Structure formats: C-alpha cells, structure tokens
Amino acid sequence: VQLVESGGGLVQAGGSLRLSCVASGRTFSSSAMGWFRQAPGKEREFVAAIRSGGRTYYADSVKGRFTISRDNAKNTVYLQMSSLKPEDTAVYYCAADPFSGVRSNHYNYWGQGTQVTVSS
C-alpha cells in the first residue's frame with residue numbers, strides 16, 4: 001500500500017495550492033482519509049479529514065480556507081488550500097484508514113509528505 005502526495009510548492013501569502021494524494025495497493029473507498037501537517041520544530045497536527053460518506057472535518061486554523069474532497073474512483077483525496085498564510089508552511093502528509101478518531105494521528109497508512117512554503 002502506498003500513498004503519494006503531490007502539489008506542494010512555494011506560494012505567496014494569499015495564494016492557493018491544491019494537494020493530491022493517490023493511493024495504490026488497495027482501495028480506501030470505505031475508509032476515512034485525512035491530511036496532517038508538520039512545521040519545523042512542531043508536532044504533526046491535524047488539518048482535515050473526510051469519511052467515506054463525505055462528511056468532513058477541519059482544524060479551526062484552516063476552516064473556511066481549506067477544502068478536503070475525495071474521488072473514490074481514482075482512489076484520491078485532495079486538499080484545496082486558499083488564502084494561504086505564512087503559518088501554513090509545513091510538510092503536508094496524507095493518511096488513510098484511521099483506527100481511532102479521524103482527528104488523531106492514529107492512521108494505518110501515511111504518505112511521505114509534500115512541502116508547502118508560503119512566503120510573506
């Protein structure tokens with residue numbers, strides 16, 4: 001099983017980026033998927049999650065700016081990020097199949113991460 005993120009990069013404050021995470025090796029259509037991030041010197045934190053039925057969850061810090069979505073036919077989850085701020089700078093990780101709450105770090109599968117850098 002492999003999760004591969006893409007779409008990270010350097011963007012100015014106020015800009016937008018769309019992250020993608022493609023899963024291979026098994027289907028996750030019946031599992032929740034999530035996005036987490038880790039900034040230098042900080043712990044990994046929850047960003048957003050989406051259940052198989054489409055219910056979504058967001059960290060307060062990104063609510064109204066980020067949108068998580070999924071395409072089960074493509075085994076892919078997306079994170080549309082808008083109105084980006086310098087404090088959004090981090091490595092963003094995709095995760096699948098939680099064994100605890102979707103906001104926790106307790107996921108069975110993780111990607112390698114993609115860097116997002118927001119300049120001021």
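Reader: What joins the side chains of Arg65 and Asp88?

Author: A polar contact of 2.8 Å joins them. Please keep in mind that this is a predicted model.

Reader: Why is that called a polar contact?

Author: The cut-off for a pair of N or O atoms is 3.5 Å. The Arg65 and Asp88 side chains come to 2.8 Å, so the pair falls within that limit.

Reader: How do you know whether Arg65 is buried or exposed?

Author: Its relative accessible area is 12%. Buried means under 20%, so Arg65 counts as buried. Arg65 lies in the loop between β6 (56-58) and β7, and beyond four places in sequence it touches Gln80, Met81, Ser82, Ser83, Leu84, Lys85 and Asp88.

Reader: Glu5 is another charged residue I'd like to place. Where does Glu5 lie, and what makes it buried?

Author: Glu5 lies in strand β1. Its relative accessibility is 10%, and the limit for buried is under 20%, so the label fits.

Reader: Which backbone nitrogens does the Glu5 side chain reach?

Author: One belongs to Cys94, 2.8 Å from a polar atom of the Glu5 side chain. Another belongs to Gly113, reached at 2.9 Å. With 3.5 Å as the cut-off, both count as polar contacts. Further contacts of Glu5 include Ser20, Trp35, Tyr92 and Gln112. The C-alpha atoms of Glu5 and Gln112 are separated by 7.2 Å, although their positions lie 107 residues apart along the chain.

Reader: On to the rings. Why are Phe28 and Tyr109 called an edge-to-face pair?

Author: There are two tests. Ring centres must lie within 6.5 Å, and here the value is 5.4 Å. For edge-to-face, the planes must be over 60 degrees apart, and these are at 65°. Both tests are met, so the name applies.

Reader: What does this pair tie together?

Author: Phe28 is in the loop between β3 (17-24) and β4 (33-38), while Tyr109 is in strand β10 (residues 107-110), so the pair links parts 81 residues apart in sequence. Phe28 is buried, at 0% relative accessibility, whereas Tyr109 is partly exposed at 26%.

Reader: How do you know that Tyr107 and Trp110 are edge-to-face too?

Author: Their centres are 5.9 Å apart and their planes meet at 65°, so they pass the 6.5 Å and 60 degree limits. Tyr107 is buried at 4%, but Trp110 is partly exposed at 25%. These two also belong to one aromatic cluster with Phe36 and Phe46. The structure holds 5 aromatic pairs.

Reader: What makes you say that Arg44 sits over the ring of Tyr93?

Author: The charged end of Arg44 is 3.9 Å from the centre of the Tyr93 ring, and the distance limit is 6 Å. Arg44 also lies over the face of Trp110, at 4.6 Å from the ring centre.

Reader: Lastly, why are β1 and β7 called edge strands?

Author: The open sheet has 4 strands in the order β1-β3-β8-β7, paired antiparallel. β1 (2-6) and β7 (66-71) each have a single partner strand, so one side of each lacks a neighbour in the sheet.

Reader: And how do you know that β3 and β8 pair?

Author: Pairing requires at least two bridges. β3 and strand β8 (residues 76-81) have 6 in the antiparallel sense, so they qualify. Among the bridge partners, Val22 is matched with Thr76 in β8.

Notes: Residues numbered from 1 in each chain as written. Predicted model: local features only at pLDDT ≥ 70, side-chain atom pairs only at ≥ 80, totals over all residues. Heavy atoms only, no water. Phe/Tyr/Trp six-rings, centres within 6.5 Å; stacked < 30°, edge-to-face > 60°. Helix = DSSP H or I, 4+ residues; strand = E, 2+ residues; numbered from the N terminus. Buried < 20%, exposed > 50% of the residue type's maximum accessible area, 1.4 Å probe, protein only. Lys NZ or Arg CZ within 6 Å of the ring centre and 35° of its normal. Polar contact = N/O pair within 3.5 Å; in protein donor to acceptor, adjacent residues only side chain to side chain. Contact = heavy atoms within 4.5 Å.
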